[in-house]
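User: Please take a close look at a single helix in this model. I should like to know how its two sides differ and what packs against it.

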Amino acid sequence: MVDLMLIKEDIKNTADVISSVLNVDVTIVDHDLIRIAGTGKYAHKIGEKVSLYSAFKNSLDTGESFIIENPREDKICKMCKDKEQCKEFAEVCCPIALEEKIYGVIGLIAFTREQGNNIKNNKSQLMSFLTKMADLISSKIKVENKSYEIKIQAKRLEMLLNNMDKAVVSTDVYGNIDKYNDKFKNIFKLDDKLDKNNIFDILRFINKNEMTTIKKRYKSTSFIYKTKNYTLRGIYNINTIIIDGDIKGYVFDFIDNSSAIENFNEITGTNYKIGFDNIIGNSLSMEHVKNEARVASKTSSTVLITGESGTGKELFARAIHNNGSRCKYSFIAINCAAIPDNLLESELFGYEEGAFTGAKKGGKVGKFELANRGTIFLDEIGDMSIHLQGKLLRVLQEREVEKIGGKINIPVDVRIIAATNRDLEEMVAKGEFREDLYYRLNVIPISIPPLRDRKEDIVSLVDSIIKDYSKKLNKYITGIEECAITKILDYPWPGNVRQLQNVIEYSINMSNSSTIICENLPQKIMKKNKETKCDINGDITPLKEIEKQEIIKALHKFKDYKKDKERACEALGISRATLYRKMKEYQIK
Ligand SMILES: Nc1ncnc2c1ncn2[C@@H]1O[C@H](COP(=O)(O)OP(=O)(O)OP(=O)(O)O)[C@@H](O)[C@H]1O
């Protein structure tokens, strides 16, 4: 609520007008009974508080106008402590009200009999005149209230704008800058006074001629802003301000690439923390691998992790990243086998707008750029085409990426961790993998042993998987029967830890008690045990043939399901990428 004090000059003028017209002394008080204006005897009492027992207080409380014709005798004067010394001949009070609120009171006081008679003889004209004067003050309050409200709104808006993650600027329809936040000035390194500038003169990457074609919103377009010694890359949006069907102006928002990447990581949760403590297994071989990985985490050198599918290569890569100095930045994983070659190239290196038919407007930021200052994990590196191997080698050597269709190279500071379950040395010998790239990648080699070679880890892995999955599946499972563990230990686990996870998940689902029993295990685990016992002298089938047949069987079994490939992977205990690779290898269509 606006205080009368804020319009005290207007109040004073009003008091002077009333006093000169009516020839009486005037006092105007605010809602706290503080005298804001006073004439004659009261001129030097401005700023003082009038008595709580005065007629003013009564008018403030009741919101009523009244005339006291017999001071000292009137019921309003009964409570007044000074009534015996009162020298007044009459008094008038008229509240200043606006929208049911009382802001103060106008009071007239007659100190002579003549003034008193004047008041008493002209009661109705006097009250009507005073009410008009009170209304005049109320209208001033209304205007003041409005501008006070506007000031608050403007302040709120300013704070809101300055607290946004994005740089924001609004313009009229011709691009003349109207409002902007601090971030806008900061990210483009602009001078203080921008109000008279035109956005199209400052940010040349915005196409003035395209503006009229924008319907409502022009979304996520990448930009490069360059001055003599400053370059900024980012993404911007344009929103049109439409009132009654007409475009009245634009709001532009901008975000620089590094902030966009941070937001991306927060939203996608790519930074979730996996450490060495999350890698289960105390076998000698695992302790040895963990030690190697711990050492690797303290350097920035390229790491090549090898091991069969499901042994935990990605887990190790994440732990290495999170245990090192790059952990504050992104860990970006990309599976080189799961994406066709031409798509993989744009995923890794990005492209500029218009680089090829079908290229997205604004281009695309590549994974190398996204991983800047962090780590890129290139899974299934053995499946990368020779062409891309060449491009990757250039990144490793030059520490720069060349976007598809790009004119300039972008410097990147990325740690590379590659992984494969293929024998890269053999591939090099066959000419399927570039020798120079192999040596560049194999700076710190880490080889994860298959689960069948470290059976000591199985019990602790089973315990930890039971804990995780019973929570996930909302089942109360506390352990596993001895005979079930024996069967698990006997199994060769071609799909390693991933397959073990699938088997335990299946068994938890099948269990009706708090313990997993033999009957809860999948047939495959039970059958395998029987087969190994009775078929010991039978013919030997090449493993690759068995693998091919099992894949065909799984694909056939789930062919009518919605997520056929996923189900087949689950049954086989292999990842999607491995399935696609094997399908290619065995020419399964
Ligand atoms: N030692 C371990 N302790 C706990 N969990 C593990 C361990 N090893 C693997 N896992 C789990 O097994 C699953 C498969 O691991 P991961 O994806 O890291 O394997 P991978 O070797 O990268 O597989 P692929 O080659 O098929 O991509 C993940 O859920 C992972 O958390």
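Analyst: The account below concerns helix H8 and then turns to the ligand shell. The model is predicted, so local features need pLDDT of at least 70, side-chain atom pairs count only at pLDDT 80 or more, and totals for chains, interfaces and linings use all residues. Residues are numbered from 1 along each chain as its sequence is written.

Helix H8 covers residues 284-297; helices (H or I, at least four residues) and strands (E, at least two) are DSSP runs, numbered from the N terminus. Its 14 residues should span 20 Å at 1.5 Å a residue, and the end C-alpha atoms are 20 Å apart, which agrees; the expected span is 1.5 Å times one less than the number of residues.

Val289, Ala293, Ala296 and Ser297 of H8 are buried, meaning that 20 or more other C-beta atoms, placed from the backbone, lie within 10 Å of a residue's own, whereas 12 or fewer make it exposed and counts in between partly exposed. Seen down the axis of H8, these buried residues fall within an arc of 95°, so they line one face of the helix; the arc is that of the directions from the helix axis to the C-beta atoms. On the face turned away from the buried side are the exposed residues Leu284, Glu287, His288, Asn291 and Val295.

The cover over the buried residues of H8 includes strand E11 (303-306), H9 and strand E19 (444-447), with contact meaning C-beta atoms, placed from the backbone, within 7 Å. Helix H9 (313-322) is also one of the elements that give two or more residues to the shell around the ligand.

Technical notes
Contact = placed C-beta atoms within 7 Å.
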